[in-house]
Amino acid sequence: ENKRKKEAEQMRASVQTGDKIVTIGGITGKIVQITEDTITFETGEDRVRLQVKKWAISTTAKMEAAEAEAKKGKRK
């Protein structure tokens, strides 16, 4: 449990502008601005901007790709 919390905190601290994210509510988008404790991201082609707290980020596209690779490696 503690390991998972540390990994999540590290992921949230390492996000950068341009990263694709998924919130804990399931909203996806691309980060356009980062402040100390909030993130602003755009959703879809209509470019709606939402601002959420960093703790609301569930995963990033990089993290999902790494998990998919790990699962693929375990199957072989």
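**Exercise 1. How many bridges pair strand 2 with strand 3, and in which sense do the two strands pair?**

Solution. The model is predicted. Find strand 3 at residues 38-43. Count the bridges to strand 2: there are 4. The sense is antiparallel. Now look at the link. Strand 2 and strand 3 form a hairpin with 3 residues between them. For a sample position, take Lys-30: Glu-42 in strand 3 stands opposite.

**Exercise 2. Trace the pairing of strand 1 on to strand 2 and strand 5.**

Solution. Begin with strand 2, residues 28-34. Strand 1 runs antiparallel to strand 2, and 3 bridges join them. Lys-20 faces Lys-30 across this pair. A hairpin connects the two strands, with 4 residues in between. Gly-26 sits in that turn and has a positive phi of about 95 degrees.

Next, go to strand 5. Strand 1 pairs with strand 5 over 3 bridges, again in the antiparallel sense. Ile-21 has Thr-60 in strand 5 as its bridge partner.

**Exercise 3. Put the strands of the sheet in order and name the edges.**

Solution. The sheet is open and has 5 strands. Their order is 4-3-2-1-5, with antiparallel pairing. The edges are strand 4 (48-53) and strand 5 (57-60), since each pairs on one side only. Neighbouring strands are turned by 45 degrees against each other on average, ignoring direction.

**Exercise 4. Is Asp-19 buried or exposed, and what surrounds this residue?**

Solution. First, locate Asp-19. This residue lies in the loop between helix 1 (2-13) and strand 1 (20-23). Second, check the accessible area. The relative value is 11%. The cut-off for buried is under 20%, so Asp-19 is buried. Third, look for a polar partner. A polar atom of the Asp-19 side chain lies 2.9 Å from the backbone nitrogen of Gln-16. Fourth, list the contacts, leaving out residues up to four places away in sequence. Asp-19 touches Ser-14, Gly-29, Lys-30, Ile-31 and Lys-62.

**Exercise 5. Which side chain of opposite charge is nearest to Lys-54, and how far away is it?**

Solution. Go to the loop between strand 4 and strand 5; Lys-54 is there. The nearest side chain of opposite charge belongs to Asp-37, 7.8 Å away. A salt bridge needs the charged atoms within 4 Å. Lys-54 has no salt bridge, yet is buried. Finally, check the contacts beyond four places in sequence. Among them are Arg-12, Ile-34, Glu-36 and Asp-37.

Note on methods. Residues numbered from 1 in each chain as written. Predicted model: local features only at pLDDT ≥ 70, side-chain atom pairs only at ≥ 80, totals over all residues. Heavy atoms only, no water. Buried < 20%, exposed > 50% of the residue type's maximum accessible area, 1.4 Å probe, protein only. Polar contact = N/O pair within 3.5 Å; in protein donor to acceptor, adjacent residues only side chain to side chain. Contact = heavy atoms within 4.5 Å. Pairing = 2+ DSSP bridges. Axes fitted to C-alpha atoms, helices over the stretch in contact; angles between N-to-C directions. Lys, Arg positive; Asp, Glu negative; His and termini not counted.
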